[in-house]
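Welcome to this short tour. Open your viewer, get your selection tool ready, and follow along stop by stop.

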Amino acid sequence: MPLTSDQVKIVKSTIPVLETHGATVTAHFYSNLLRDNPELKNIFNTTNQSNGHQSRALAGAVYAYAAHIDDLGALSPAIKRICHKHASLYIRPGQYEIVGKYLLGAFREVLGNAFTPEVRDAWAAAYWQLANIMIDAEDALYRDTDGWTDWRNFRLYKKTPESEEITSFYLTAEDGKPLPSYKPGQYISVRIKVPGLDHYQCRQYSLSDSPANEYYRISVKKEHGPGSATAHLGLISNHLHNSVQVGDIFQVSCPQGDFYLEDTKSKSPVVLISAGVGLTPLMSMLNTLTSTHADRPIHWIHATHSRFTQAFRADIQIVANSHENVRTTVFNKLPSDDDVLGSDYHYAGRVDLRKLDRTPDLFLNNNNTEYFVCGPTTFMTNTERVLLEFGVDASRIHAELFGTGGVPLV
């Protein structure tokens with residue numbers, strides 16, 4: 001049921017309050033929610049709860065929703081992205097009831113008498129307007145999973161180091177049933193228990209190979225950073241690298257994600273631009289394209305910290321050597337004395353698209369060229385800005401919001 005005009009005005013009138021108190025509201029929300037519903041800890045990222053990332057992200061989402069309450073079309077990309085993440089975690093309609101109860105309760109707890117019955121009713125209507133949109137969208141995603149609507153057990157059958165930081169994990173389904181295909185660039189959620197926690201932890205990892213296989217491959221960077229033993233930045237990645245062994249079983253969700261190569265049959269050029277572990281979804285695209293196309297121009301552009309952290313070096317070189325339509329460019333931030341310019345890397349330093357030729361390298365002369373960008377947020381922002389400066393239409397620039405906890409659960 002749409003909001004009344006008065007309710008829209010009331011929600012928009014709370015924007016200044018959200019600017020000041022939004023983060024406090026969402027911090028109270030998560031604290032109360034997880035205290036009274038500990039089973040939901042199986043969904044939320046412990047690290048992002050501990051460092052406050054989750055509550056800050058939700059505060060930003062609530063603020064954006066209030067600011068666009070009368071123009072939800074502006075939020076469509078973000079809503080779509082969140083729905084895909086929810087579907088990968090098997091969020092159910094009943095959980096929206098719980099979230100709505102505790103979110104409104106947090107508003108009342110923080111705002112006190114300012115949270116009048118009129119404000120409460122307006123925000124309740126606003127919440128359910130968005131919740132119903134998301135429930136319907138997620139239902140459509142569940143109906144498109146070939147019946148895979150809950151976690152499945154997968155066995156690790158191969159574990160392969162790709163660089164000093166990144167290792168690939170090859171997964172097969174325990175039940176022996178065929179694996180559904182997926183769009184190159186999509187991800188799966190992995191649900192696993194780690195020592196010291198009495199609940200599951202979920203993480204999203206891009207599928208890093210083409211869909212035409214009897215296994216799923218994820219390639220995971222071992223993260224380093226601050227935090228306690230059970231709330232460390234690399235809690236799950238370290239566990240996968242250090243403790244998970246061939247033969248171990250953990251749970252996997254059906255592939256989801258709105259960042260993918262849509263038209264695999266097109267002959268228009270494709271530019272795949274990545275930094276660090278951001279290359280993983282683009283590897284799926286590259287392997288898919290080279291297995292189905294012999295004439296589609298492809299340029300692989302990658303930024304690495306050093307030769308030793310660059311994953312899939314040999315694989316990409318083999319692809320480029322065996323496909324005339326594929327060219328590669330590597331930006332190496334810290335080349336060593338042993339690195340050969342023109343072979344191991346092409347430019348020293350960070351990625352700078354201005355150093356490349358606009359026609360043979362970036363295919364700017366073709367208005368159908370598509371650009372896929374994945375890596376740290378600043379890298380993606382800078383890359384997108386340069387492409388826009390070059391005259392590339394925004395609709396042809398596809399960027400993945402990469403990184404654990406990047407999308408808040410609401």
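Are α4 and α7 roughly parallel or roughly perpendicular to each other? Keep in mind as you look that this is a predicted model.

**Stop one: α4 and α7**

Select both helices and look at how they meet. Their axes lie 12 Å apart, and the packing angle is about 100°. The two helices are therefore roughly perpendicular to each other. Now show the side chains at the meeting place: α4 brings Val62, Tyr65 and Ala66, while α7 brings Trp123, Ala126, Gln129 and Leu130. Sorted by class, this contact has 6 nonpolar residues, 1 polar residue and no charged ones.

**Stop two: α2 and α4**

Keep α4, which covers residues 53–67, and add α2, residues 15–36. Here the axes are 8 Å apart and the helices pack at an angle of about 140°. That angle makes α2 oblique to α4. Turn the view and you can follow α2 as it passes α4 in a right-handed crossing. On the α2 side, select Ile15, Leu18, Glu19, Gly22, Ala23, Thr26, Ala27, Phe29 and Tyr30; on the α4 side, select Gln54, Ser55, Leu58, Ala59, Val62, Tyr63, Ala66 and Ala67. Colour these by class and you get 12 nonpolar, 4 polar and 1 charged.

**Stop three: Tyr90 and its surroundings**

Next, go to the loop between α5 (76–88) and α6, where you will find Tyr90. Most residues other than glycine have a negative phi. Tyr90 has a positive phi, near 60°. Is Tyr90 buried or exposed? With a relative accessibility of 5%, Tyr90 counts as buried.

From here, select Gln95, which sits in helix α6 (residues 93–111). Beyond its neighbours within four places in sequence, Gln95 is in contact with Leu40, Ile43 and Tyr90. Try drawing a line from Gln95 to Leu40: their C-alpha atoms are 9.0 Å apart, although 55 residues separate them in sequence.

Tyr90 also leads you to Asp150, found in the loop between α7 (117–142) and β1 (152–161). Which residues does Asp150 touch, leaving aside its neighbours within four places in sequence? Asp150 is in contact with Tyr90 and Arg92. With a relative accessible area of 41%, Asp150 is partly exposed. For another distance to draw, pick Ile82: the C-alpha atoms of Asp150 and Ile82 are 18 Å apart, with the two positions 68 residues apart along the chain.

**Stop four: α10 and the loop before it**

Now jump to Phe312, in the loop between β8 and α10. Phe312 is not a glycine, yet its phi is positive, about 60°. At 1% relative accessibility, Phe312 counts as buried.

Step on into helix α10, residues 313–322, and select Ile316, Val319 and Ala320, which are buried. Look down the axis of α10: the buried residues fall within an arc of 95°, so they line one face of the helix. An α-helix has 3.6 residues a turn, so residues three or four places apart point the same way.

What covers the buried residues of α10? Show α9 (279–292), β8 (298–304) and β9 (326–332), which are among the elements that do so. To finish, rotate to the face of α10 turned away from its buried side, where the exposed residues Ile318 and Asn321 are found.

Terms used: Residues are numbered from 1 along each chain as its sequence is written. This is a predicted model: local features need pLDDT of at least 70, side-chain atom pairs count only at pLDDT 80 or more; totals for chains, interfaces and linings use all residues. Side-chain values use heavy atoms; hydrogens and water are left out. Axes are lines fitted to C-alpha atoms, for helices over the stretch in contact, and angles run from 0 to 180 degrees between N-to-C directions. Helices (H or I, at least four residues) and strands (E, at least two) are DSSP runs, numbered from the N terminus. Angles under 35 degrees count as roughly parallel, over 145 as roughly antiparallel, 65 to 115 as roughly perpendicular and the rest as oblique. A crossing is left-handed if the near helix is turned anticlockwise from the far one by less than a right angle, and right-handed if clockwise. Contact means heavy atoms within 4.5 Å. Ala, Val, Leu, Ile, Met, Phe, Trp, Tyr, Cys and Pro count as nonpolar, Asp, Glu, Lys and Arg as charged, and the others, Gly among them, as polar. Buried means under 20% relative accessible area, exposed over 50%, partly exposed in between (1.4 Å probe, protein chains only). The arc is that of the directions from the helix axis to the C-beta atoms.
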